[in-house]
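Reader: I would like to learn how to read several features of a structural model, with the general idea given before each case. Please take them one at a time.

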Amino acid sequence: PTPTSVAPPPGPQPTPEQPEGRKPSMPANSTVQGYVYNYSSGRPVPGIEVVISGGGWSTSTRSDSNGFYRFQGLGYGVATLNLRLPPGFTRANPDLKVFLDGKNTVEVNLGFYAGEKPSWPVQLSLLQKTLFVKSGADFEIGFEVRNTGSEVLDGIEVEVNLPGVVSLKGVSPEMAAFEVKQNGVKISIGELKPSQVMQIRLKCHLGTSPGRYTVPITVRYSGMAYTVSALIQVETSLPKTGFALPVGLAILLLFTIYMARYLRISG
């Protein structure tokens, strides 16, 4: 079934209000877009209200006749996506967070199903939603693909979009067929038996740019798609030499003062 208490899609897309405190010099050209799927009927759905919010602002739009939605003119920060549905329907990926740098385009596919039990047999989940990574370090992004249905699934694909500061070093397990793309990697999964789980880890390297970044991960099967997103929080740290040298000097100074007093007392 499809929700019936929604209005037809409007004409022009709204321009969201920017968060208070945003610096005027920062760009506001980010875009969030994708499709809204009814996983119970197996097709994209028009007229569904999509809400994006964060940092004191909120706006909404509706999916068009093809089930497609788009938000444009977004500024810097973390935004949260949700679907506004009538009773009897459940959001498949609620409170989905995306990071916007004022220039990027993020593809996010949203969906829902009737009742409380998911009807789409493919389940995608992150091993860790937020990653704290040192600048210039290696790290892993892990996720699981599960067959929750009663039949063997074949032809599942997973697309991972990596920000420009992240480079791919490898995919584990090695048996997974993958294709490196300009902005990420596409992974093809073979047959997935009922209740079977495939755990995939991406070995990545982070550049030196500080900040927060979004890694949208989308699974595609049987003409539908589902997106989750991991957040990368870059932690900068002082170089070892820059920390050890002042501490060493402080210890030496204290030792010198102690010895001076000791010699004066003993003398």
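**Ring pairs, burial, pairing and confidence**

Author: Rings of Phe, Tyr and Trp (its six-membered ring) pair if their centres lie within 6.5 Å, and planes under 30 degrees apart count as stacked, over 60 as edge-to-face and the rest as tilted; by this rule, the count here comes to 9 aromatic pairs. In Tyr-76 and Phe-99 the ring centres are 5.2 Å apart and the planes stand at 90 degrees, so this pair is edge-to-face. This is a predicted model, in which local features need pLDDT of at least 70 and side-chain atom pairs count only at pLDDT 80 or more, whereas totals for chains, interfaces and linings use all residues. Residues are numbered from 1 along each chain as its sequence is written, and side-chain values use heavy atoms, with hydrogens and water left out.

Reader: Which parts of the chain does the pair of Tyr-76 and Phe-99 tie together?

Author: Helices (H or I, at least four residues) and strands (E, at least two) are DSSP runs, numbered from the N terminus. Tyr-76 sits in the loop between strand 5 and strand 6 (77-84), while Phe-99 belongs to strand 8 (residues 96-100), so the pair ties together parts that are 23 residues apart in sequence. A second edge-to-face pair is formed by Phe-89 and Phe-112, with centres 5.8 Å apart and planes at 80 degrees. Ring pairs also link Tyr-35, Tyr-37, Tyr-39, Phe-68, Trp-120 and Tyr-226 into a cluster.

Reader: Is Phe-99 buried or exposed, and how is Tyr-76 classed?

Author: Buried means under 20% relative accessible area, exposed over 50%, and partly exposed in between (1.4 Å probe, protein chains only). Phe-99 has a relative accessible area of 4% and is therefore buried, whereas Tyr-76, at 35%, is partly exposed. Phe-112 is buried at 0%, and Tyr-113, found in strand 10, counts as buried at 9%.

Reader: Which residues is Tyr-113 in contact with, leaving aside its neighbours within four places in sequence?

Author: Contact means heavy atoms within 4.5 Å. Tyr-113 is in contact with Tyr-39, Ser-40, Gly-88, Phe-89, Thr-90, Arg-91, Ala-92, Pro-118 and Ser-119 once those neighbours are left aside; for Arg-91, 22 residues apart from Tyr-113 along the chain, the C-alpha separation is 6.8 Å.

Reader: Along strand 18, which side chains are buried, and which strand pairs with strand 18 over 9 bridges?

Author: In strand 18 (residues 197-206) the side chains alternate, with Met-198, Ile-200, Leu-202, Cys-204 and Leu-206 buried on one face, while Val-197, Gln-199, Arg-201, Lys-203 and His-205 point to the other and are not buried. Two strands pair if DSSP finds at least two bridges between them. Strand 13 (residues 138-147) pairs with strand 18 in the antiparallel sense over 9 bridges, with Phe-139 opposite Cys-204. Strand 15 (residues 166-172) is also antiparallel to strand 18, over 6 bridges, and there Ser-167 has His-205 as its bridge partner.

Reader: Which element has the lowest mean pLDDT?

Author: The pLDDT is the predictor's confidence in each residue, from 0 to 100. Helix 1 (residues 240-266) has the lowest mean among the elements of the protein chain, 62, and strand 5 (residues 68-74) the highest, 96. Over residues 1-24 the pLDDT is below 50, and beyond near neighbours in sequence this stretch has 52 contacts in the model. Residues 238-245 likewise stay under 50, with 1 contact beyond four places in sequence. The chain as a whole averages 81, and 80% of the residues score at least 70.
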